[in-house]
Amino acid sequence: MSPPDRPTRRGAALTLLCTANFMVILDSQIVILALPSIEQDLSLTPVGTQWVLSAYLLSFGGLLLLGGRVADLLGGRRVFLIGTTLFLLTSLACGFAPTGGLLIAARVLQGVSAAMMAPSALAILMTTFPEGAGRTRALAVWSGVGGFGGTTALLVGGGVTGWLGWAWIFFLNVPVAGLLLTLGPGVLAESRGSGRGYDPAGALTITAALALAVYAVVQAPEAGWTSLRTLGLLAGTAVLLAVFVAIERRSAAPLIPLRLFRSRALTGGNLVMLLAAMCAFGLSFTVSVYAQEVLGYSPLLFGVSTAVLPLGAVVGAYAAQALITPWGYRIVAVTGMVLLGSGALLLSQASPGGTFFGELFPGLLVFGLGLGGSAVAGPVAALSGVRTEDSGLASGVTTAAFQVGGALGVAIVSTVAASRPLLDGISAGFTVVGGFAVLGLAVATILLGRERAVDFPRTAARSNADH
């Protein structure tokens with residue numbers, strides 16, 4: 001099919017693609033408020049419960065770049081429709097899962113389907129909109145919808161869980177995916193990329209390494225940080241990472257060309273995204289436990305009360321886009337990390353008799369401002385010095401860093417919290433999130449240079465051109 005050439009048809013295609021992007025990003029965090037209900041209904045341990053979240057993040061983030069390569073070779077529309085079909089089926093499997101193990105397995109497959117949908121949808125967008133102002137506007141809408149999906153997950157998840165039950169956070173994907181499958185073949189253009197080869201060994205190796213690292217963190221409080229089991233898992237992670245590096249050096253079509261990481265800005269920007277995601281997901285998990293198990297909020301009430309977080313993130317993102325050109329990405333990233341740490345510090349003072357405006361509102365607002373700023377500064381820094389032919393790959397690495405950071409953040413914070421009495425564990429969880437922000441502040445200060453950022457929309461357009 002040739003690219004849609006009428007504005008109305010392009011608008012319809014953009015609407016479908018952004019809907020898909022919203023859905024896969026939303027599913028990264030929407031389960032957080034449902035975790036207590038899932039844990040109770042399926043008799044999961046706290047460690048098992050956090051894997052309901054982490055399984056999706058790891059398979060999505062770990063296979064995202066391979067999904068883009070598959071779309072290059074088989075065609076973006078074909079891969080998008082296959083991924084959407086799998087997303088629909090795995091959403092049903094999640095909602096009907098009778099045991100925790102089956103739910104986690106379904107979440108892994110759901111992440112695989114998301115890793116097919118996201119890069120192929122972006123490839124279709126690039127085919128649909130010719131280079132220029134129209135494409136830039138379309139990419140801006142795409143990025144904005146994705147960010148909105150991430151920050152509204154708690155609100156949506158709380159409402160759905162409170163009204164209908166946890167299974168419906170998965171079932172709500174079914175009609176949306178069905179609509180995409182019904183309208184997609186007639187609206188979406190085919191796309192075919194550069195035709196560079198697959199690197200399944202690299203994708204599977206890095207995903208296995210990340211999964212092993214998260215599992216080592218999750219089981220460490222029970223087994224002991226210096227136990228043979230924990231040390232063996234960490235050693236296995238190191239071996240898999242070494243194997244991944246060896247594969248990438250020898251591959252004719254590497255998943256991640258290692259030369260990219262010679263850039264301090266790219267490395268620093270991705271670490272900022274990784275640590276910002278660790279902060280965001282770790283704090284979301286901890287504040288959910290505090291509000292529901294200490295303050296007694298229902299999922300619906302908590303979902304409404306957290307609206308201040310996405311509001312702060314939107315304000316922070318707009319401010320960052322306005323300031324990043326005159327100030328440079330390092331100052332914006334440093335400011336974002338300071339705000340993230342300050343918000344976590346405010347929330348760490350949580351008490352059993354806390355109130356929304358006394359305990360939650362100030363910390364969530366400050367944290368949201370920092371999250372919005374960091375989410376803009378990280379990608380701009382990572383993509384600022386990237387060559388045109390590497391811009392899509394670099395954008396994929398940044399997206400993957402955010403997804404993997406979310407999995408690591410939840411794993412670390414949940415295990416720290418679970419190893420202490422409830423209120424002490426919650427306070428410790430917020431403190432650990434503050435520690436992530438301190439690390440992010442160090443990364444932004446040391447690795448990000450003094451360069452001024454180029455025009456944000458133009459950078460975004462270039463960075464996604466070959467994703």
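Modeller: Ser 43 is found in the loop between α2 (35-41) and α3. The model it belongs to is a predicted one.

Colleague: How do you know whether Ser 43 is buried or exposed?

Modeller: Ser 43 has a relative accessible area of 65%. The term exposed applies over 50%, so Ser 43 is exposed.

Colleague: What is the phi of Ser 43?

Modeller: Ser 43 has a positive phi of about 55°, although it is not a glycine. Most residues other than glycine have a negative phi.

Colleague: From that loop on to helix α3. How do α3 and α4 pack?

Modeller: Helix α3 covers residues 46-74 and helix α4 covers residues 76-96. The two pack at an angle of about 150°, and their axes are 8 Å apart.

Colleague: Why is α3 called roughly antiparallel to α4?

Modeller: Angles over 145 degrees count as roughly antiparallel. The angle here is about 150°, and that makes α3 roughly antiparallel to α4.

Colleague: Which residues of α3 and α4 meet?

Modeller: From α3 there are Tyr 56, Val 70, Ala 71 and Leu 74, and from α4 there are Gly 76, Arg 78, Val 79 and Phe 87. Sorted by class, this contact has six nonpolar residues, one polar and one charged.

Colleague: What makes Thr 84, in helix α4, count as buried?

Modeller: The relative accessibility of Thr 84 is 0%. Buried means under 20%, so Thr 84 counts as buried. Leaving aside neighbours within four places in sequence, Thr 84 is in contact with Met 117, Ala 177, Leu 180 and Leu 181.

Colleague: How do you know that Ser 288 counts as buried?

Modeller: By the cut-off of under 20%: Ser 288 has 1% relative accessibility, so it counts as buried. Ser 288 is found in helix α12, residues 264-294. Its contacts, apart from neighbours within four places in sequence, are Ile 32, Leu 33 and Phe 302.

Colleague: And Gly 409, in helix α17 (residues 391-418): why is Gly 409 called buried?

Modeller: Gly 409 has a relative accessible area of 0%, so it is buried. Not counting residues up to four places away in sequence, Gly 409 touches Met 278, Gly 282 and Phe 436.

Colleague: How far is the C-alpha atom of Gly 409 from that of Leu 275?

Modeller: Those C-alpha atoms are separated by 8.1 Å, while Gly 409 and Leu 275 are 134 residues apart along the chain.

Colleague: Now the rings. How many aromatic pairs does the structure hold?

Modeller: The structure holds eight.

Colleague: Why is the pair of Trp 166 and Phe 170 called edge-to-face?

Modeller: Ring centres must lie within 6.5 Å to pair, and planes over 60 degrees apart count as edge-to-face. The centres of Trp 166 and Phe 170 are 6.3 Å apart and the planes stand at 85°, so the pair is edge-to-face. Both Trp 166 and Phe 170 are buried.

Colleague: Which residues form one aromatic cluster?

Modeller: Phe 96, Trp 168 and Phe 171 do.

Colleague: What does the secondary structure of the chain come to?

Modeller: The chain has 19 helices and zero strands.

Colleague: And how much of the chain is made up of buried residues?

Modeller: Buried residues are 57% of the 467 residues. The accessible surface of the chain comes to about 17,800 Å², and carbon and sulfur atoms hold 69% of it. Of the contacts with a separation of 6 or more, 85% come from residues 24 or more positions apart.

Notes. Residues numbered from 1 in each chain as written. Predicted model: local features only at pLDDT ≥ 70, side-chain atom pairs only at ≥ 80, totals over all residues. Heavy atoms only, no water. Axes fitted to C-alpha atoms, helices over the stretch in contact; angles between N-to-C directions. Helix = DSSP H or I, 4+ residues; strand = E, 2+ residues; numbered from the N terminus. Parallel < 35°, antiparallel > 145°, perpendicular 65-115°, else oblique. Contact = heavy atoms within 4.5 Å. Nonpolar A, V, L, I, M, F, W, Y, C, P; charged D, E, K, R; others polar. Phe/Tyr/Trp six-rings, centres within 6.5 Å; stacked < 30°, edge-to-face > 60°. Buried < 20%, exposed > 50% of the residue type's maximum accessible area, 1.4 Å probe, protein only. Areas by Shrake-Rupley, 256 points an atom, 1.4 Å probe, with all protein chains shown as cover.
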